[in-house]
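Trainee: Could you walk me through this fold, feature by feature? I would like to learn how to read each one as we go.

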Amino acid sequence: LLSMRIVERYSHMNGWEFLLSHNPTLWDEIESAIAAVDSASCKTMISKDKQKDGRTLYAPKEISRQLEVGVGSFGWNPKRVDFWIPSDYRMTPKLASLGYPEQHALLDETGSDGYRSYNQIDFYKNRVSVEVQFGSKECVAYDLFVKHMSFFLHDRIDLGIEVLAMRSLTLQMPTGPGSFEGEVYNLLRQGRNIPPAPLIILGVDA
């Protein structure tokens, strides 16, 4: 078994310190789930990219699947929040503070149009959210600035954890995933308190 490992960790707004102080068991579970990923069994994708043509690469979906099995064994589950998006953006401040049924009722009461949508976190337990992101770079920003942040601001989590590939691993994956180094750089150049939510960014390698 060639285990995946955590290589780097960045603590945003004291997310790491908060987790160790309030619930270190959750960290142990995440660490164990990552170590349980059999890296060798994930290297199954034959590249068709021009720069990597013919090489055998790590399959992001298989890494994510094994991580899902690992954290699921510790009782982590997806968490979904449904909401209504109004056709008239001026309704948004009124809807944002309401629950899903109340949002629908207000739209009906005011005769406003809208449509249903949702945000879903990959894994959730004891007010901690985890997103595993080996997809496109754009998805990382959505995780950090929409998913984790909205769950925190609406008092559903105390901190969020984002699992990313180190650049050395992305070079052995299909083109597209954001790297730990690149995404932490993007985060730091926004300023110390943006996004305004405690986060832990993890960089993993095979």
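**Reading the core, the sheet and the loops**

Mentor: Gladly. The largest nonpolar core has 30 residues, and I63, F134 and I161 have the most contacts inside it. A nonpolar core here is a set of buried Ala, Val, Leu, Ile, Met, Phe, Trp, Tyr and Cys residues joined through side-chain atoms within 4.5 Å. Buried means under 20% relative accessible area, exposed over 50%, and partly exposed in between, with a 1.4 Å probe and protein chains only. This is a predicted model, in which local features need pLDDT of at least 70 and side-chain atom pairs count only at pLDDT 80 or more, while totals for chains, interfaces and linings use all residues. Residues are numbered from 1 along each chain as its sequence is written, and side-chain values use heavy atoms, with hydrogens and water left out.

Trainee: Which elements give two or more residues to this core?

Mentor: They are α1, α2 (24-35), α4 (60-72), β6, β7 and β8. Helices (H or I, at least four residues) and strands (E, at least two) are DSSP runs, numbered from the N terminus. The largest share, five residues, comes from α2. Another core lies apart from this one; it has nine residues, among them V140, V184, L199 and I201.

Trainee: And what does I63 touch?

Mentor: Contact means heavy atoms within 4.5 Å. Not counting residues up to four places away in sequence, I63 touches M4, V37, C42, Y58, F134 and M173.

Trainee: Let us turn to the sheet. What is the order of its strands?

Mentor: Two strands pair if DSSP finds at least two bridges between them. Here an open sheet of six strands has the order β1-β8-β7-β6-β5-β4, with mixed pairing. Its edge strands are β1 (5-12) and β4 (77-86), each pairing on one side only. From one strand to the next, the twist averages 30°.

Trainee: How should I read the side chains along a strand such as β6?

Mentor: In a regular strand the side chains alternate between the two faces of the sheet. In β6, V128, V130 and V132 point one way, S129 and E131 point the other way, and all are buried. Because five of the five residues of β6 (residues 128-132) are buried, this strand is largely enclosed by the rest of the structure.

Trainee: Which way do the neighbours of β6 run, parallel or antiparallel?

Mentor: Take one side at a time. Strand β5 (residues 114-125) is antiparallel to β6 and joined to it by three bridges, with F123 opposite V130. These two strands form a hairpin with two residues between them, and N126 in the turn has a positive phi of about 50°. R127, in the loop between β5 and β6, also has a positive phi, of about 65°, although it is not a glycine.

On the other side, β6 pairs with β7 (residues 159-165) in the parallel sense over five bridges. V130 stands opposite I161 there. The chain passes from β6 through helix α7 (residues 137-153) to β7, and this β-α-β crossover is right-handed; that is, with the strands pointing away from the viewer, the path from the first strand over the helix to the second runs clockwise. Next, six bridges join β7 to β8 (residues 199-205), again in parallel, and I161 has I200 as its bridge partner in β8.

Trainee: How do I describe two packed helices?

Mentor: Two packed helices are described by the angle between their axes and the distance between the axes. Axes are lines fitted to C-alpha atoms, for helices over the stretch in contact, and angles run from 0 to 180 degrees between N-to-C directions. For α1 and α2 the angle is about 110° and the axes are 5 Å apart. The two helices are therefore roughly perpendicular, a label for angles of 65 to 115 degrees; under 35 counts as roughly parallel, over 145 as roughly antiparallel and the rest as oblique. W16, L19, L20 and H22 of α1 meet P24, L26 and W27 of α2.

Trainee: Finally, what is the peptide bond from I194 to P195?

Mentor: That bond is cis, with omega near -5°. P195 sits in the loop between α9 and β8.
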